[in-house]
Amino acid sequence: MAVGFAMAAAHAAPAPQRVDLPPLPSGVVLHAHWLPAEGAERRPAVLALHGCGGLYAKGGGLAVRYREMAERLHAAGYAVLMPDSFGSRGLRDICQTRYRDRSVDVAQRVQDARAALAWLAAQPQVDARRIGVLGWSNGATTTLNLLEQRRTRPEPGEPAIAGAAVFYPGCGPQARRQAVLEAAPLLILLGALDDWTPAQPCVDFARSLQARSGGSDITVQVYDNSYHGFDGTAPVRLRADVPNGTSPEGVHQGGNPEARAKSLAALDVFWSRVLATRAAP
């Protein structure tokens, strides 16, 4: 399956469509990029949540990470929705802003994700029983908080989450408060050398969840010699402009080819497993 997926991903996907979701209670109109799956039958879908750098590259198009992932998911037969939490609020990115000073916080992004899930489930070509959530960094932290909020403050009629996968989230606050998450399969992908969102709090949090819930479907992969952004292709560099890491000197960010290949393969297998159930005729 993974080999076929990788080969299929080499074929170009159509460009995502720009869509506007219904206004949020705050009045914000959430812009998003939508890539429907091919075929007439209802298909699984993945909600993809961008990191603190926003959804776009400096040139204005989708950042390479998100464009490549959309193409990869589309080639596997999945629809993809990528909401733009920052551009919808007049921002480009928030990486260089201290956590306490950010004008868009994780709680707001959780509301974005809940609205996007509702929109996805209402699409006639989407199988609402097979929706996954994928997040990177700030979007990964949002995903974990989404799972927590859906457990503690469920909303009537919400679609189920078939599975969630996260690249290098910040797990410290949830670990400290011993948060309880919705019981969806969870894949956590981490870099052993990450000095922006360190791996150990996520490892500890996952162990705590498993101990408290008994046999939870949680998989943690920690990749050696890997920093924040290990799934990308850019070389590792020190970002002195980011104030939110473990060192006052900044954070390291960049790809590791081996970790990239292994993490994408792990993601392929995860989606194949959690999104496999066919819709009823």
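Here is a walk through the two largest pockets of this structure, which is a predicted model.

Let's start with the biggest space. The largest pocket holds about 1,100 Å³. Its lining is made up of 39 residues, and if you want to find the middle, look for Ala 63, Val 64, Arg 65, Tyr 66 and Gln 253, which lie nearest the centre. In terms of secondary structure, three elements each give two or more residues to this lining: α2 (64–75), β9 (237–239) and α7 (257–274). The top contributor is α2, which brings seven residues to the wall of the largest pocket. As for chemistry, the lining of the largest pocket splits into 15 nonpolar, 12 polar and 12 charged residues.

Now move on to the runner-up. The second largest pocket has a volume of about 570 Å³. It is lined by 24 residues, and those closest to its centre are Tyr 99, Thr 141, Gly 170, Pro 173 and Thr 197. Here the elements that supply two or more lining residues are α4 (138–152) and α5 (172–176). Of the elements, α5 takes the largest share of the lining of the second largest pocket, with four residues. Sort the lining of this second pocket by class and you get nine nonpolar, 11 polar and four charged residues.

To get your bearings on screen, try picking out α2, with its seven lining residues, for the largest pocket, and then α5, with its four, for the second largest.

Key:
Residues numbered from 1 in each chain as written. Predicted model: local features only at pLDDT ≥ 70, side-chain atom pairs only at ≥ 80, totals over all residues. Heavy atoms only, no water. 1 Å grid on protein atoms, 1.4 Å probe; cavity = no way out; pocket = protein on both sides within 12 Å on 5 of 7 lines; lining within 4 Å. Points joined across faces, edges and corners; volume = space filled by probe spheres on them. Nonpolar A, V, L, I, M, F, W, Y, C, P; charged D, E, K, R; others polar.
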